[in-house]
Amino acid sequence: MTATHPPAFRRRLADGIELLGSMRFAVSLLMFICVASVIGTVLAQNRPASNYIDQFGPFWFELFDKFSIWHVYNSWWFLLIMAFLVVSTSVCLMRNTPKMLQDARSFREYVRASSLRAFPHRAQADTGLDVPATVQRLRQLLARQGYAVRERRDGDSVMLAAKRGSGNRLGYIFAHASIVIICVGGLFDSELPVRMQVWLGGKQPLTENMLIADVPASGRLSADNPSFRANVLVPEQGRISNAVVLVGDGALVQPLPFTLTLKKFIVDYYSTGMPSRFASEVQVTDPEDGRTFDATIEVNEPLRYKGVTVYQSSFDDGGSRVVLTGRPLSGPRDFSFEVDGKVGQSSPVSLGDTGQALQLDITGLRPINVEDLRSGEPPQPKALREHVAAVTGSAAGTANEHLRNVGPSIEYRLLDASGQAHEFHNYMLPVQLDEIPVFLAGVRETPAENYRYLRIPADEQGKPDEFLALRAALADPAQRREAAERFARANVGGADGQALQDSAQRALDTFSETGLQGVARFLEANVAPEELPRAADIVIRLLGAAMGELRAMVRERMGLAPLPQQGEAAVLADAWSRMAVAALSDLALYPVPVLFTLSDFEHVQASVFQVSRTPGKNAVYFGCLLLVLGIFTMFYVRDRRIWMWVSPKDGGSHVVAAMTSQKRTLDFNREFERLRQALGRLA
């Protein structure tokens with residue numbers, strides 16, 4: 001049988017407790033917490049994984065993901081450090097508090113008289129009074145200065161022990177206790193209680209979409225759950241009695257002790273179109289007694305009921321009904337068709353003349369878009385929360401005086417049969433860029449990318465009709481041939497006219513198939529490098545003139561007036577044509593042969609609420625109060641101790657006094673001088 005060594009075990013246990021309660025261990029923990037706080041501040045938290053993959057790359061994402069730095073404050077290692085800090089500070093408190101309290105209560109009246117002569121701050125005096133009278137005078141002196149006094153007699157001599165500011169010890173106790181209380185309160189209000197139920201209580205976060213009624217018991221938290229932070233989206237006239245708690249990559253359903261109905265979501269605007277106020281008018285129903293009352297939830301003005309706080313977190317679309325108009329971007333026909341849908345729903349569509357079947361997912365409607373377009377570049381839509389923060393509150397000051405509401409926009413996604421998807425963001429109204437009103441049609445492959453915008457010039461009626469008709473004409477070989485003939489006839493005739501017509505026809509054919517990029521490749525393949533700049537200039541002029549004839553043909557068939565030939569109107573017409581040529585060239589890079597524009601919509605708002613039960617915040621508030629009291633006590637309450645040995649001498653008394661303090665500051669020195677002078681006056 002292996003012999004045990006209880007003394008060795010107890011020694012190791014004592015060493016472990018000593019380490020846990022040591023200053024160096026606590027400082028090390030605080031250092032790690034500081035590093036974690038820096039990470040959580042510098043690195044945006046709780047973003048989609050694709051954002052971090054795009055920022056760091058797959059390898060570093062996998063490495064960092066093991067340490068959950070995307071949500072530092074709820075990561076396992078941060079919670080573990082916090083728990084160790086609580087244990088370390090608690091051990092320190094339990095080990096030192098009794099000694100501190102005992103020292104604070106003690107007068108240390110059994111100090112030997114001979115030891116007083118070794119104190120740096122000491123004084124002596126002789127008086128003509130006997131010992132009892134001298135002791136009485138000294139007690140009165142100390143009492144006037146706020147000292148508590150205890151007396152010890154030793155024969156004919158008396159030792160007076162006085163103290164003041166013993167509450168200084170409480171400052172250390174309060175400060176350390178506050179750390180424990182704040183950490184415990186923070187841990188209680190973190191994800192730890194929910195995660196403990198997952199680890200130990202058999203709860204399993206849901207990773208699939210399902211109706212609330214179909215959620216099994218393992219996916220539901222108790223209505224009496226002591227602490228949680230959940231989110232819920234409520235459309236106008238919708239009601240909820242459950243919220244969703246996100247846990248890792250899954251979610252748990254949290255029942256609420258009331259039913260919340262969103263009667264109306266309110267957005268107020270400044271004159272520039274920027275939002276100035278967000279509010280939700282709600283109705284709260286208590287299922288226990290049927291009591292109902294109305295309330296308004298605003299930013300920084302939450303609803304509190306039955307220990308649950310409901311914050312106005314954000315807002316979203318609640319299933320708005322939209323009408324999209326589809327226009328083909330390929331083939332010689334220009335026509336339109338409508339798609340009725342709702343945000344969040346899908347519809348099958350057929351693309352242009354190809355007949356290709358795709359799935360149209362309408363992902364978002366934004367009735368307002370407040371942007372600063374001074375740079376001449378199309379805006380990049382922000383996440384809703386970032387957009388709201390950028391145009392409201394302090395951000396809505398003079399620094400944003402150039403912000404303007406450019407109108408509604410629609411976001412949708414097209415998926416083909418193979419599952420390949422593209423995301424689109426199109427504005428309903430033309431936007432003024434470079435002095436030309438253009439319709440912006442954005443496209444991207446993944447959410448991590450910025451939108452790349454097609455700029456479609458608007459016609460005199462503020463519509464894209466003329467451009468789309470010009471696109472259809474360019475795709476028609478017969479109309480390209482007619483435009484080339486009209487161009488040649490208007491410039492030269494005879495054999496030279498035929499050659500010019502052939503050149504214009506070739507330029508239009510190449511441009512219609514591959515855009516300006518194809519024209520450039522054609523020149524590089526057929527023109528010597530030294531002649532390339534001159535040839536490019538000639539071809540661009542030729543193409544521009546031929547496109548001008550094609551546009552004139554389109555306007556004739558649309559019943560529009562001829563283009564002006566002089567004045568400011570002619571300059572704007574030329575700018576429109578250049579913008580149209582650039583847009584037609586970019587169509588070669590547009591991934592789908594159809595453009596959907598927003599024709600009409602019926603906006604349905606939805607509020608995003610954060611619902612929380614955080615009893616630990618009261619502990620945090622109390623801990624903060626203790627921390628303030630502790631720091632104040634440590635800095636402003638000074639511990640003072642005075643010993644006075646009074647012994648008989650030549651019919652009078654001899655007094656030896658000594659004074660000490662934890663910190664010998666200038667105030668302490670001045671107080672000692674006052675004591676020395678007071679003793680001198682006793683003589």
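A salt bridge is counted here where a side-chain nitrogen of Lys or Arg lies within 4 Å of a carboxyl oxygen of Asp or Glu. In this predicted model, the side chains of Glu671 and Arg640 satisfy that criterion, with an N to O distance of 2.9 Å. The two residues belong to distant parts of the chain, Glu671 to helix H16 and Arg640 to strand S24 (residues 640-649), and they are 31 residues apart. Both Glu671 and Arg640 are buried. Elsewhere, salt bridges with shared partners connect Asp103, Arg108, Arg169 and Asp639 in one network. The structure holds 34 salt bridges in total.

Glu671 also forms a salt bridge with Arg164, where the closest N and O atoms are 3.1 Å apart. This pair, too, links distant parts of the chain: helix H16 (residues 666-682) carries Glu671, strand S3 (residues 157-164) carries Arg164, and their positions lie 507 residues apart in the numbering. The relative accessibility of Glu671 is 6%, so Glu671 counts as buried. Arg164, by contrast, has a relative accessible area of 29% and is therefore partly exposed.

A further pair worth a look is Glu445 and Arg452, a salt bridge whose closest N and O atoms are 3.2 Å apart. Here Glu445 is partly exposed, at a relative accessible area of 31%, and Arg452 is likewise partly exposed, at 41% relative accessibility.

Arg452 appears again in the surroundings of Gly442, a residue of strand S20 (residues 436-444). Once neighbours within four places in sequence are set aside, Gly442 is in contact with Glu423, Phe424, His425, Asn426, Tyr451, Arg452 and Tyr453. Gly442 has a relative accessible area of 0%, and because buried means under 20%, Gly442 falls in that class. In sequence, Gly442 and Leu454 are separated by 12 residues, while in space their C-alpha atoms are 6.2 Å apart.

Arg152 offers another case to consider, this time of a charged residue without a salt bridge. Located in strand S2 (residues 148-154), Arg152 is buried, and the nearest side chain of opposite charge, that of Asp154, is 4.2 Å away. As the cut-off for a salt bridge is 4 Å, that distance does not qualify, and Arg152 has none. A polar atom of the Arg152 side chain does, however, lie 3.3 Å from the backbone oxygen of Val111. Val111 is also among the residues that Arg152 touches beyond four places in sequence; the others are Glu109, Tyr110, Ser157, Val158, Met159 and Trp645.

Turning to sheet architecture, three strands make up an open sheet in the order S12-S11-S22, paired in the antiparallel sense. Strands S12 (337-342) and S22 (594-602) stand at the edges; each has a single partner strand, so one side of each is left without a neighbour in the sheet. From one strand to the next, the twist averages 30 degrees. The antiparallel pairing of strand S11 (residues 321-328) with S12 runs over six bridges. Within this pairing, Leu324 has Val339 in S12 as its bridge partner.

Conventions. Residues numbered from 1 in each chain as written. Predicted model: local features only at pLDDT ≥ 70, side-chain atom pairs only at ≥ 80, totals over all residues. Heavy atoms only, no water. Helix = DSSP H or I, 4+ residues; strand = E, 2+ residues; numbered from the N terminus. Buried < 20%, exposed > 50% of the residue type's maximum accessible area, 1.4 Å probe, protein only. Contact = heavy atoms within 4.5 Å. Pairing = 2+ DSSP bridges. Axes fitted to C-alpha atoms, helices over the stretch in contact; angles between N-to-C directions. Lys, Arg positive; Asp, Glu negative; His and termini not counted. Polar contact = N/O pair within 3.5 Å; in protein donor to acceptor, adjacent residues only side chain to side chain.
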